[in-house]
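Biologist: Before I rely on the labels attached to this protein, I would like to hear the reasoning behind them. Could you show me the structure and then take my questions in turn?

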Amino acid sequence: MEVLDNITRFFGDDLKSSMTPGARLAVAASCFSIYAFEALRDELERIASLEFIFTTPTFIPGEATDKIRHEAREYHIPEPVKENGFFGTEFEIRLKNKLTQRAVAKECAEWIRRKARFKSNCTGAPMQPFACVDSDAQDVVYMPLHGFTAVDLGYQRGNAVSNFINRMDEAVATERHSRPWRSSSTTSCATAAC
């Protein structure tokens, strides 16, 4: 086990080296940002697939803000805070200021259609955030993660005092954590609408 401090050793750089061609990536995190995709674009193009689970209910069809609902009118429409991170968090403002958001979003959407599958933890039960790279060379598990953003990869500055991530590549750790989303019957998931 190694500790990545995101100061001298970045989670994003280690993840890039772990994602060999044909590898499968699984991530459970609170948010997904197109700027994380942009930072890992070349490596994500080479992997076979991404399975992403939002650890809290996000992009649930019944909770969509643009869906017509038959209910009493309200004068205050709550903002879906959980879903805002997709287009970048408040700490990725420098990336937003480059005015490349539309181009990155289009490229990310096309990549998602080809290689990614998004789900959401609808149970309301807490879920441990992690990232797992399943490759022929070596399986690697990273935990805990806050989100899948440029800040969490270590490429942008955030407001956290520390952002330590444990990297585990020992067989004992990767066997238990490498595919919990496939065998778990306790996580009720719904496909995300991106």
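**Reasoning behind the labels**

Modeller: Please keep in mind that this is a predicted model. Its largest nonpolar core has 34 residues, and those with the most contacts inside it are L15, F32 and L50.

Biologist: Which residues does L50 touch, leaving out those up to four places away in sequence?

Modeller: L50 touches L25, V27, F32, W111, K115, A116, R117 and F118. Apart from the largest core lies another one, of eight residues, which include I53, C132, V141 and M168.

Biologist: How much of the chain counts as buried, and how many helices and strands does it have?

Modeller: Of the 194 residues, 43% count as buried, and the chain has nine helices and eight strands. Among contacts with a separation of 6 or more, 81% are between residues 24 or more positions apart.

Biologist: Why is F52 called buried, and why is F148 called buried?

Modeller: The label requires a relative accessible area under 20%. F52 has 1% relative accessibility, so F52 counts as buried; F148 also has 1%, and therefore F148 counts as buried.

Biologist: What makes F52 and F148 an aromatic pair, and why is that pair called edge-to-face?

Modeller: Ring centres must lie within 6.5 Å for a pair, and planes over 60 degrees apart count as edge-to-face. The rings of F52 and F148 are 6.3 Å apart centre to centre, with 65° between the planes, so both conditions are met. F52 lies in strand β3 (residues 49-54) and F148 in the loop between β6 and α7, so the pair ties together parts that are 96 residues apart in sequence. The structure holds 10 aromatic pairs, and one aromatic cluster is formed by F32, F52, F54, F118 and F148.

Biologist: How do you know on which side of helix α1 its buried residues lie?

Modeller: The buried residues of α1 (residues 11-18) are F11, G12, D14, L15 and S18. They cover an arc of only 165° around the axis, which puts them on the same side of α1. These buried residues pack against β1 (2-4), β2 (24-29), β5 (130-134), β6 (140-143), α7 (150-153) and β7 (165-168).

Biologist: Why is S18, one of the residues in that helix, called buried?

Modeller: S18 has a relative accessible area of 6%, and because the cut-off is under 20%, S18 is buried. Not counting residues up to four places away in sequence, S18 touches V133, S135, V140, Y142 and R167.

Biologist: What makes β1 and β7 a pair of strands?

Modeller: A pair needs at least two bridges. β1 and β7 have three bridges, in the antiparallel sense, and therefore they pair; E2 stands opposite R167 in β7. β6 and β7 likewise pair in the antiparallel sense over three bridges, and V141 has M168 in β7 as its bridge partner.

Biologist: Why is E107 called partly exposed?

Modeller: Partly exposed lies between buried, under 20%, and exposed, over 50%. E107 has 31% relative accessibility, so E107 counts as partly exposed. E107 is placed in helix α6 (residues 101-115), and leaving aside its neighbours within four places in sequence, E107 is in contact with F37 and R41. E107 and E38 are 69 residues apart in sequence and 8.8 Å apart in space, C-alpha to C-alpha.

Notes. Residues are numbered from 1 along each chain as its sequence is written. This is a predicted model: local features need pLDDT of at least 70, side-chain atom pairs count only at pLDDT 80 or more; totals for chains, interfaces and linings use all residues. Side-chain values use heavy atoms; hydrogens and water are left out. Helices (H or I, at least four residues) and strands (E, at least two) are DSSP runs, numbered from the N terminus. Buried means under 20% relative accessible area, exposed over 50%, partly exposed in between (1.4 Å probe, protein chains only). Contact means heavy atoms within 4.5 Å. A nonpolar core is a set of buried Ala, Val, Leu, Ile, Met, Phe, Trp, Tyr and Cys residues joined through side-chain atoms within 4.5 Å. The arc is that of the directions from the helix axis to the C-beta atoms. Rings of Phe, Tyr and Trp (its six-membered ring) pair if their centres lie within 6.5 Å; planes under 30 degrees apart count as stacked, over 60 as edge-to-face and the rest as tilted.
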